[in-house]
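I wanted to see how the aromatic rings are arranged in this model, and how one of the helices is packed. My notes follow.

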Amino acid sequence: MMRAKQIAIFGKQRYLMAALLFPWALMGAAAWGQQSTAAPAAPAPVASIPPAPVPKGAVVLDHVVAVINGNVILESDVKEEMGYAVLQPFGVDGARNTPQRALQRLIDRDLILQQMETETAQTVTPPTPEEVQRRISELRGVIPECARYHCETDAGWQEFLQANGLTEKDVEAHWSQRMLILSFIQSRFGSGIRITPAEIADYYNKTLVPQLHDKTAKPPPLAAVSSRIEEILLQQRVSSLLLEWLQSLKSEGSVSILDPAYGRVGSNGSGDDDSASGGQP
């Protein structure tokens, strides 16, 4: 889970982790690996801050890679975010699950969480533990890597989590925050958008089923994943509005990437700017 540190006092504070923000830029187009068709916004300028010198003989265990309006993102946070990619229903290509994309997801997510604290008019209700468990149960049936662990059983799910360095508590906190962020985005940008049953069925037959067949995974029943598909389609509809809003937050606030290895704000650092930042909320 992302540790946020106030730069003035360097005290430790942990955020609950999420859905990139969407698999989106956080949140690009689809939480299940879809890429947004919206043109990427121009990157915001980055403050040039030289790294502090490392004393001779010292071993660097962790370091600050970005500062978001006073909140710090550590390299360990980036590595942790990369680890959560295994929870994505279609999986994330290892070549695309890069530190640069993971950092962009963390930046976008942090900006959204900060706005959620200030936009009292857009208050959303956190999901109940029962709702989180229901979504995780659905997730266990569509994670490609779960097929060989038989995650439909509790023993198989525990084996999968252990193999990927995760705990049930980690996953619950991550998915709970993801659900909360999606609710906020839907409330802010999705007003008036209606996803029809026909659209859900079309996505299931033309996108979900073929992708799972490619991974030799058995497609879950439509009824079991319809709510997740509805989320994806809603995310596609609001993606361009969200990306425009995030860009304005970056321009109006203070977002600095301190480690040059992570590229610029708004860039995944690999030369092919990706509005989805390679991931999910």
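I began with burial, keeping in mind that this is a predicted model. I looked up Phe184 and Trp245, and both are buried. Phe189 is buried as well.

Next I took the ring geometry. I counted four aromatic pairs. For Phe184 and Trp245 I have ring centres 6.1 Å apart and planes at 45 degrees, so I entered the pair as tilted. Phe184 belongs to helix 5 (residues 168-189) and Trp245 to helix 7 (residues 222-252), so this pair ties together parts 61 residues apart in sequence.

Trp245 also pairs with Phe189: the centres are 5.4 Å apart and the planes stand at 65 degrees, so this pair is edge-to-face. Phe189 lies in helix 5 and Trp245 in helix 7, so here the parts tied together are 56 residues apart in sequence.

I then checked for clusters and found that Tyr149, Trp157 and Phe160 form one. I also noted a charge over a ring: Arg178 lies over the face of Trp175, 4.7 Å from the ring centre.

Which residues of helix 4 are buried? In helix 4 (residues 154-163) I listed Gly156, Trp157, Phe160 and Leu161. They span an arc of only 135 degrees around the axis, which means they sit on the same side of helix 4. I recorded their packing partners as helix 3 (129-140) and helix 5. On the face turned away from the buried side I found the exposed residues Asp154, Ala155 and Gln162.

Last entry: just after helix 4, Gly165 has a positive phi of about 65 degrees.

Terms used: Residues are numbered from 1 along each chain as its sequence is written. This is a predicted model: local features need pLDDT of at least 70, side-chain atom pairs count only at pLDDT 80 or more; totals for chains, interfaces and linings use all residues. Side-chain values use heavy atoms; hydrogens and water are left out. Rings of Phe, Tyr and Trp (its six-membered ring) pair if their centres lie within 6.5 Å; planes under 30 degrees apart count as stacked, over 60 as edge-to-face and the rest as tilted. Helices (H or I, at least four residues) and strands (E, at least two) are DSSP runs, numbered from the N terminus. Buried means under 20% relative accessible area, exposed over 50%, partly exposed in between (1.4 Å probe, protein chains only). A charge sits over a ring if NZ of Lys or CZ of Arg is within 6 Å of the ring centre and within 35 degrees of the ring normal. The arc is that of the directions from the helix axis to the C-beta atoms. Contact means heavy atoms within 4.5 Å.
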